[in-house]
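Please open the structure in a viewer and keep the sequence panel visible beside it. This tour proposes a series of selections and states what is to be found at each.

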Amino acid sequence: MRNSSLRSSLPSRRGVLTAGAALAGGGLLAACSDDGGGSGGGKSGDKGYVDPSGKEVKAAEAKRAAGRTETKKLTATRTRLDLGDGTTVPTWAYGDELPGKEVRVTAGSTLALTLANNLPQSTSLHWHGLALRNDMDGVPDLTQRAIKPGADFTYRFRLAHPGTYWFHPHSGVQQDRGLYAPLIVEDPKEPLKYDEEWVVVLDDWVDGVDGSTPDAVLAELSKGMGGMDHGDGGGGGDDSGGGGMDHDMHGMGGRAEKKDGKDGPSRMMMGATSKLLGGDAGDVKYPHYLVNGRTPGDPRTFRAKPGDRIRIRLINAGGDTAFRVALGGHRMTVTHTDGFPVTHTETDALLLGMGERYDVLVTAKDGVFPLTALAEGKKETARALLRTGGGAAPSAKTRPKELDGKLVTAEKLKADDSVRLKQARPDRTLTFKLTGGMAKYDWAINGEKYSPAQRHPVRAGERVRLRFVNTTTMWHPMHLHGHTFALPDGGPRKDTAIVLPGKTLTADLDADNPGLWMIHCHNVYHSESGMMTVLAYRR
């Protein structure tokens with residue numbers, strides 16, 4: 001049915017999210033072992049909530065199909081990666097590839113993946129988008145002990161749903177290095193018909209360039225911008241691209257400020273705006289934007305035959321960048337988002353926030369065509385090539401007209417009938433007010449920075465309504481672990497969705513996977529600064 005593949009090795013970049021909050025909940029994970037890593041969760045500090053490795057979690061796992069066990073090994077290590085165009089960088093990655101080697105398994109099977117940590121810091125592994133057992137979700141200080149340097153840990157869980165997923169650390173800003181890879185869960189009864197498959201991973205890259213690291217970027221951002229507020233607190237933003245201060249003021253359109261020091265130049269971005277994102281496009285001025293680990297001047301090439309039907313699986317593994325994606329000379333048919341099928345919808349281009357995934361089908365024409373990922377609002381692009389015949393490749397500066405054609409975003413899609421949530425009144429509504437801004441870099445949820453002890457309670461079996469109220473003047477891709485939620489009016493099933501500045505996003509979920517689950521912004525710098533909290537099942 002397909003000739004799979006990345007067809008490219010990729011340099012990785014990202015160790016995401018939890019870090020410095022430590023054991024603030026008091027007694028968290030007390031039952032974990034004292035060796036290098038620990039599963040299971042220990043005690044949650046509040047006996048009224050489900051333990052990450054408790055009986056409720058085990059019972060939910062037992063209901064999932066238990067097929068054959070697929071065993072994998074992975075090593076997180078320091079390495080040097082070639083990004084193309086003569087650019088090599090010291091970084092952290094899974095092996096010596098960027099992205100890391102794809103993990104491909106079948107729905108209904110059990111994955112047993114052992115991660116060896118050869119890094120100088122503790123790490124973890126989060127399985128982005130999967131509804132899996134809670135003690136395998138990979139969030140240090142909440143669902144497991146961090147994996148110490150020199151130690152290893154085996155993640156073992158059953159795979160219930162086919163789809164396009166990925167994995168990365170949930171430890172500090174490690175995700176913004178080279179620590180990420182695709183996870184493809186194949187459907188044993190795949191309904192789509194196609195000849196080839198192309199896995200495309202998008203990224204923004206800073207690690208190892210001129211002395212920069214994600215930790216140094218976070219340290220710079222955390223100092224804030226003083227009086228130069230571009231997104232602090234209440235309201236702002238409109239559908240036409242309002243949203244806060246004019247970032248072209250002082251002549252700083254789309255560039256980084258200068259800074260001297262051992263941690264490299266300033267990476268704080270000024271002047272990046274996008275109507276699609278409601279105003280401010282991002283915080284970080286990245287030196288490189290990548291498709292499958294390569295710069296646009298030295299792109300990966302995917303080869304197929306004219307007339308081939310190609311399934312493209314798109315993953316945004318970036319830290320601070322939304323990408324607008326198009327394949328020159330082609331229209332795309334959207335078939336899935338975040339692993340779940342949608343009513344097939346034709347489009348010229350797609351917008352992907354960090355953490356989002358889309359699957360599309362294209363029928364290949366004869367020639368050489370750019371798959372272009374525009375760093376939305378940042379005036380830079382990444383690209384790969386589709387080659388089905390002879391001829392010269394288009395210039396790296398070529399901008400496919402499809403980027404300015406019909407654009408599909410998540411709210412324009414409808415869930416396929418097979419995965420649409422049944423209509424029901426919510427048993428509970430939880431409101432998450434997105435707060436903070438660049439002036440103090442004090443991103444938070446409901447005005448509170450993350451602590452592992454936070455709890456937003458639900459009970460198994462409830463229909464839960466989530467309200468994300470964005471009071472800031474920046475957009476936020478909000479991600480829920482261990483579940484999917486449904487967008488309104490028969491909208492798609494998602495685990496990551498963009499909330500525009502000054503807007504409210506409402507989504508419903510069925511509480512069917514007990515545990516303690518993160519909700520956070522998937523801008524790695526926002527989340528690590530505090531825009532995270534915990535959805536917690538009561539016993």
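Two residues are said to be in contact when heavy atoms lie within 4.5 Å. The model on display is predicted. Among the contacts in the protein with a separation of 6 or more, 77% are made by residues 24 or more positions apart.

**The whole protein**

Begin with the entire protein in a cartoon view. Its secondary structure comes to three helices and 35 strands. Of the 539 residues, 63% are buried.

**Strand 22 and strand 23**

Select residues 368-375, which form strand 22. Is this strand enclosed or open to the outside? Eight of its eight residues are buried, so strand 22 is largely enclosed by the rest of the structure. Show the side chains next. Val368, Pro370, Thr372 and Leu374 point one way, while Phe369, Leu371, Ala373 and Ala375 point the other way.

Add residues 380-387, which are strand 23; this strand pairs with strand 22 in the antiparallel sense over eight bridges. Two positions help to trace the pairing. Threonine 372 has arginine 383 as its bridge partner in strand 23, and valine 368 stands opposite arginine 387. Four residues lie between the two strands of this hairpin, where glycine 377 takes a positive phi near 80°.

In strand 23, six of the eight residues are buried, so this strand too is largely enclosed by the rest of the structure. Now select residues 301-303, strand 15, which run parallel to strand 23 and are joined to it by three bridges. Here phenylalanine 302 stands opposite leucine 386.

**From strand 17 to strand 20 and strand 24**

Return to strand 22 and add strand 17. The two pair in the antiparallel sense over five bridges, and alanine 326 of this pairing has threonine 372 as its bridge partner in strand 22.

Which residues belong to strand 17? They are residues 323-327, and this strand also pairs with strand 20, in the antiparallel sense and over three bridges. Label arginine 324 to find its bridge partner in strand 20, leucine 351.

Strand 20 covers residues 349-352. Ala349 and Leu351 point one way from it, Leu350 and Leu352 the other way, and all are buried. Extend the selection to residues 407-408, which are strand 24; strand 20 and strand 24 pair in the parallel sense over two bridges. In that pairing, the bridge partner of alanine 349 is leucine 407.

**A four-stranded sheet**

Clear the selection and display strands 3, 8, 7 and 5. They make up an open sheet of four strands with the order 3-8-7-5 and mixed pairing. The edge strands are strand 3 (103-106) and strand 5 (126-128), each of which pairs on one side only. Neighbouring strands of this sheet are turned by 25° against each other on average, direction ignored.

At one edge, strand 3 runs parallel to strand 8 (residues 181-186), and four bridges join the two. Label arginine 104 and isoleucine 184 in strand 8: these residues stand opposite one another.

**Helix 2**

Select residues 214-222, which form helix 2. Which of its residues are buried? They are Pro214, Ala216, Val217, Leu218, Glu220 and Leu221. A general rule is useful when viewing such a list: an α-helix has 3.6 residues a turn, so residues three or four places apart point the same way. Add residues 524-529, helix 3, against which the buried residues of helix 2 pack. Just after helix 2, glycine 224 takes a positive phi of about 75°.

**Serine 53**

Move to serine 53, in the segment before helix 1 (55-62). Is serine 53 buried, exposed or partly exposed? A residue is buried under 20% relative accessible area and exposed over 50%. Serine 53 has 22% relative accessibility and therefore counts as partly exposed. Select methionine 136 as well: the two residues are 83 residues apart along the chain, and their C-alpha atoms are separated by 8.9 Å.

**The cavity**

Finally, look for enclosed space. How many cavities of 30 Å³ or more does a search of the whole structure find? The search finds one. The largest cavity holds about 40 Å³ of space. To locate it, select its lining: Leu130, Ala131, Arg158, Leu159, Ala160, His161 and Tyr165. By class, this lining has five nonpolar, one polar and one charged residues.

Technical notes:
Residues are numbered from 1 along each chain as its sequence is written. This is a predicted model: local features need pLDDT of at least 70, side-chain atom pairs count only at pLDDT 80 or more; totals for chains, interfaces and linings use all residues. Side-chain values use heavy atoms; hydrogens and water are left out. Buried means under 20% relative accessible area, exposed over 50%, partly exposed in between (1.4 Å probe, protein chains only). Two strands pair if DSSP finds at least two bridges between them. Axes are lines fitted to C-alpha atoms, for helices over the stretch in contact, and angles run from 0 to 180 degrees between N-to-C directions. On a 1 Å grid over the protein atoms alone, a cavity is a set of points where a 1.4 Å probe fits but cannot get out, and a pocket is an open set with protein on both sides within 12 Å along at least five of seven lines; lining residues have an atom within 4 Å of a point. Grid points are joined across faces, edges and corners, and a volume is the space filled by probe spheres set on the points. Ala, Val, Leu, Ile, Met, Phe, Trp, Tyr, Cys and Pro count as nonpolar, Asp, Glu, Lys and Arg as charged, and the others, Gly among them, as polar.
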